[in-house]
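Me: I would like a close look at one part of this chain, taken slowly and with its surroundings. Please look at the charged side chain that I ask about below and follow its links outward.

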Amino acid sequence: MMISTILLLCCYTSHTLALSLSTNPKPKQQQHFLLNSPVMNAFRNCPRELEPTIIELPEVLPPDFPTGTLYRNGHARFFAKDETPCLHPFDADGMIVAITFDASKPSQVLFRNKFVETEGYIKDKEMGGISQRGLFGTNKSGGPIANLFQKDYKHVANTHVIHCGDSLYALWEGGLPYLLDPLTLRNKNGRGKAGLTDLDGLLSDNFSAHPRYDPVRNTYVSFGHTFDQIKSKFTVSLYEVDATTFRSKRKNGVAPNFVLGAPALIHDFILTTNYCIFFLNDTRINVMSAIKVMLGSGGFAGSLEVDKDAKHSHAVLIPRSLFDYKEQDAVSDMDLFQDERVTVVQMNRHFAFHYANAFEDMEDNVVFDTVQNDDMDFWKIENSFRDVSPFRQICLAYAVAIEPAVAPTSSTFQL
């Protein structure tokens, strides 16, 4: 009930402010991804940032409603000043919204919002256009020539925000976190790149936008990845940080990592008591799409595709005990399909973008919920809500062979 109330209040507050503050300029240069769509109203610019503002609620909060602040991060700037549009919502600048509830004032909330002051956002404001290309197809201002061979993608910091200790962390999987002040919502260490943090040397390149929280150990577990184009080496590193400081509490500084021979779209993962679980598909780079990207048309995300001829996908269970190793070399460049410490389960081919609940049951099965898709054309906005199967519950146990499904929506794997 409380969660539902919070969500309703967030929707009400955001909708009220959107009606009063948002504008919807019509693009002249490129067609917006939702120009003629009935859901266009969900993607309107928020042109102003508010100082702390008291908002009257339509109803009084329940008497047991807690005092605290709800932080949200999301896409909020879809057109530049020169009317250049974002061609995909994932390319829009991130904005932090903070809604503070006070039990002593049950009919009011304190609202404030601010765009994350990323390097790209600041340059955009200074030039009045879009200064860098978007990972999902948005072009920088200046036409086709300005986008030729441009591989420097804009960090939009628009996917997630986490409050730890006295700081906020604005996350986007293509780069390092931005460190923010939870009161002012400004970058703590300065505007632009100065606001980035590598978590005291823990991170090398990027950090997933979807860390998983472990309430028992009071830690967040996440991952980052790098791709060496020369060696065709895709490396995924695992990280565990304290949920209070958002820094590694391990003196050994060990970050287990595994290597794949080609880029993979690993956006999310699953965390249970004993495992970090990833799902791997046979992916490849579409050469023609990649050429178009280099020539300034389309985004890099659109050049990745799932091999639809493949018969299987793989669930990979990596023991969390690998964080306890004292030497980095013992857990570096792991071959998931050869390392005896790792369990690999073969399953019917599918693509999964996100996962929901996950746990280990009394019989040591790993149970989780996900949505299975036939393809990964999510960057094409017209395909984003099609070809999605119903939720399927998939059970993983200590197994080598795959047993037949025990129910139409359930599969059981045993070792």
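Is Glu 117 buried or exposed, and which side chain meets that of Glu 117 in a salt bridge?

Reply: In this predicted model, Glu 117 is buried, with a relative accessible area of 7%, a value that falls below the 20% under which a residue counts as buried. The side chain of Glu 117 meets that of Arg 191 in a salt bridge, at 3.9 Å from N to O. Glu 117 sits in the loop between E4 and H2, whereas Arg 191 belongs to the loop between strand E7 (178-180) and strand E8 (212-214), so this pair ties together parts of the chain that are 74 residues apart in sequence. The two partners differ in their cover, for Arg 191 is exposed, with a relative accessible area of 53%, while Glu 117, as said, is buried.

The pair does not stand alone, since Glu 49, Lys 114, Glu 117, Arg 186 and Arg 191 are linked in a network of salt bridges. The structure as a whole holds 17 salt bridges.

Another salt bridge involves the loop between E7 and E8, where Lys 188 lies. The side chain of Lys 188 meets that of Asp 166 at 3.5 Å, N to O, and, because Asp 166 is in the loop between strand E5 (160-164) and strand E6 (167-171), this contact ties together parts that are 22 residues apart in sequence. Here Lys 188 counts as partly exposed, at 33% relative accessibility, and Asp 166 is exposed, with a relative accessible area of 55%. A further salt bridge joins Asp 214 to Arg 217, with the closest N and O atoms 3.6 Å apart; Asp 214 is buried, at a relative accessible area of 8%, while Arg 217 counts as partly exposed, at 34%.

On the other side of the loop that holds Glu 117 comes helix H2, which spans residues 119-127 and in which Gly 120, Tyr 121, Ile 122 and Asp 124 are buried. The cover over these buried residues of H2 includes E2, E3 and strand E4 (108-115). Just after H2, Gly 128 takes a positive phi of about 80 degrees.

Two of the strands that cover H2 also frame the loop in which Thr 84 is placed, namely strand E2 (68-77) and strand E3 (93-101). Thr 84 is buried, with a relative accessible area of 1%, and its side chain makes a polar contact of 2.8 Å with the side chain of Asp 82.

For the wider setting, the chain has four helices and 21 strands, and 50% of its 415 residues count as buried. Of the contacts with a separation of 6 or more, 62% are between residues 24 or more positions apart. The largest nonpolar core has 23 residues, of which Phe 258, Ile 266, Cys 276, Phe 278 and Ile 318 touch the most other members. Apart from that core lies another, of 17 residues, including Ile 162, Leu 179, Val 241 and Ala 255.

Terms used
Residues are numbered from 1 along each chain as its sequence is written. This is a predicted model: local features need pLDDT of at least 70, side-chain atom pairs count only at pLDDT 80 or more; totals for chains, interfaces and linings use all residues. Side-chain values use heavy atoms; hydrogens and water are left out. Buried means under 20% relative accessible area, exposed over 50%, partly exposed in between (1.4 Å probe, protein chains only). A polar contact is a pair of N or O atoms within 3.5 Å; within protein, one must be able to donate a hydrogen and the other to accept it, and residues adjacent in sequence count only if both atoms are side-chain atoms. Contact means heavy atoms within 4.5 Å. A nonpolar core is a set of buried Ala, Val, Leu, Ile, Met, Phe, Trp, Tyr and Cys residues joined through side-chain atoms within 4.5 Å. A salt bridge is a side-chain nitrogen of Lys or Arg within 4 Å of a carboxyl oxygen of Asp or Glu.
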